[in-house]
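Open the model in your viewer and keep the selection panel at hand. The stops below say what to select next and what is there.

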Amino acid sequence: MTEKVAVLGTGKIGEALLSGMIRGGWSPSDLLVTVRRPERAEELRSRHGVEPVSNAEAAKYADTLILTVKPQDMGTLLDELAPHVPADRLVISGAAGIPTSFFEERLAAGTPVVRVMTNTPALVDEAMSVISAGSHATEEHLAHAEAIFGGVGKTLRVPESQQDAATALSGSGPAYFYFLVEAMTDAGILLGLPRDKAHDLIVQAAIGAAVMLRDSGQHPVKLREAVTSPAGTTINAIRELESHGVRAALIAALEAARDRSRELASGNG
């Protein structure tokens, strides 16, 4: 790999991307980072061998810019970058809710922009990164984004019109599972188990269920039915979940997340 890639605003997700790219064969000498704090810059240099630079330098020297700052900070960053970004730079945005048009309007005409919504399992190489093309992004640009984000998990292309839904399901998705595990752990304690044992039981059940969902090719209803014997323990638990409206609550929660993503896109941060 001979081109240079810069990660601007290198927090946990940005660092996970750097680590994944290095494992995938990128040379640290071809990777640039920008951060606010000098101590963070030194930490990234010593840990990964990458070169911290200013935002303007990143725009000047890198062929691909990955913007990983918070959505509310993106406008300020683009104002700083715009005078320095030539129209042939690939700009990849990892900010929730912000459409590619937001970048295209602020950067040089014709700048290719790719929008990516990844999630925190990137830290353990199990991310799902959802990728959409802006109006000037080509197949080559999309493939390049997939090569970068594929180092920390799976990728999926969707039309940009589906990005808010993907954010609700996948970008925020891990939090819903953590919430469920937290609630089930509390239930285990109520039922008489020590917290550490309840936690271990639930986490392994979650891992096993996830692997079966991924590898069996069966619909989740079929997998659930395989656990649910007549008049048994599981069907009694499912009845309680249904009677308390858990399914409806999940649907409403994801709709709320999607709506918030749309609000971010409209500038109501």
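**The aromatic pair and its neighbour**

Start with Phe 103, which counts as buried at 1% relative accessibility. Keep in mind throughout that this is a predicted model.

Add Phe 102 to the selection. The structure holds one aromatic pair. Phe 102 and Phe 103 form this pair in an edge-to-face arrangement, with 5.7 Å from centre to centre and 80° between the planes. The arrangement counts as edge-to-face because the angle between the planes is over 60 degrees. Phe 102 is partly exposed, with a relative accessible area of 21%, whereas Phe 103 is buried.

Now select Arg 106. Its place is over the face of Phe 102, at 3.6 Å from the ring centre.

**Helix 1 and the network around Glu 15**

Go to helix 1, residues 12-23, and pick Glu 15 within it. Is Glu 15 buried or exposed? At 12% relative accessibility Glu 15 counts as buried, because the limit for that label is under 20%.

Show the contacts of Glu 15 next. Leaving aside residues up to four places away in sequence, Glu 15 touches Thr 10, Arg 40, Leu 44, Arg 47 and His 48.

**Salt bridges**

How many salt bridges are there in the model? The count comes to 21 salt bridges. Three of them make convenient stops.

Select Arg 45 and Glu 42, whose side chains meet in a salt bridge with 2.7 Å from N to O. Both residues lie in helix 2 (residues 38-48) and are three residues apart, about one turn of the helix. Arg 45 is partly exposed at a relative accessible area of 32%, and Glu 42 is partly exposed as well, at 40%.

Move on to Glu 146 and Arg 157, where the side chains form a salt bridge of 2.7 Å, N to O. This pair links distant parts of the chain: Glu 146 belongs to helix 6 (residues 139-149) and Arg 157 to strand 8 (residues 153-157), eleven residues apart. Glu 146 counts as partly exposed at 23% relative accessibility, and Arg 157 also counts as partly exposed, at 34%.

The next stop is Arg 247 with Glu 242, a side-chain salt bridge of 2.8 Å from N to O. Arg 247 counts as exposed, because its 51% relative accessibility is over the 50% limit. Glu 242, at 39%, counts as partly exposed.

Then return to Glu 15 and add Arg 40, Glu 43 and Arg 47: salt bridges that share partners join these four residues into one network. Arg 40 and Arg 47 also appear among the contacts of Glu 15.

**Helix 8**

Select Phe 177, Tyr 178, Leu 180 and Met 184 and switch on the surface. These residues form a nonpolar patch there, with about 460 Å² of accessible area together. One of them, Leu 180, is found in helix 8 (residues 173-190). Leu 180 is partly exposed, with a relative accessible area of 45%.

Follow helix 8 to Ile 189, which lies in that helix. Ile 189 counts as partly exposed at 33% relative accessibility. Finally, set a distance between the C-alpha atoms of Ile 189 and His 199: these residues are ten apart along the chain, and the two atoms are separated by 9.5 Å.

Terms used:
Residues numbered from 1 in each chain as written. Predicted model: local features only at pLDDT ≥ 70, side-chain atom pairs only at ≥ 80, totals over all residues. Heavy atoms only, no water. Phe/Tyr/Trp six-rings, centres within 6.5 Å; stacked < 30°, edge-to-face > 60°. Buried < 20%, exposed > 50% of the residue type's maximum accessible area, 1.4 Å probe, protein only. Lys NZ or Arg CZ within 6 Å of the ring centre and 35° of its normal. Helix = DSSP H or I, 4+ residues; strand = E, 2+ residues; numbered from the N terminus. Contact = heavy atoms within 4.5 Å. Patch = residues over 30% accessible without salt bridge, like charges linked within 9 Å, V, L, I, M, F, W, Y side chains within 5 Å. Areas by Shrake-Rupley, 256 points an atom, 1.4 Å probe, with all protein chains shown as cover.
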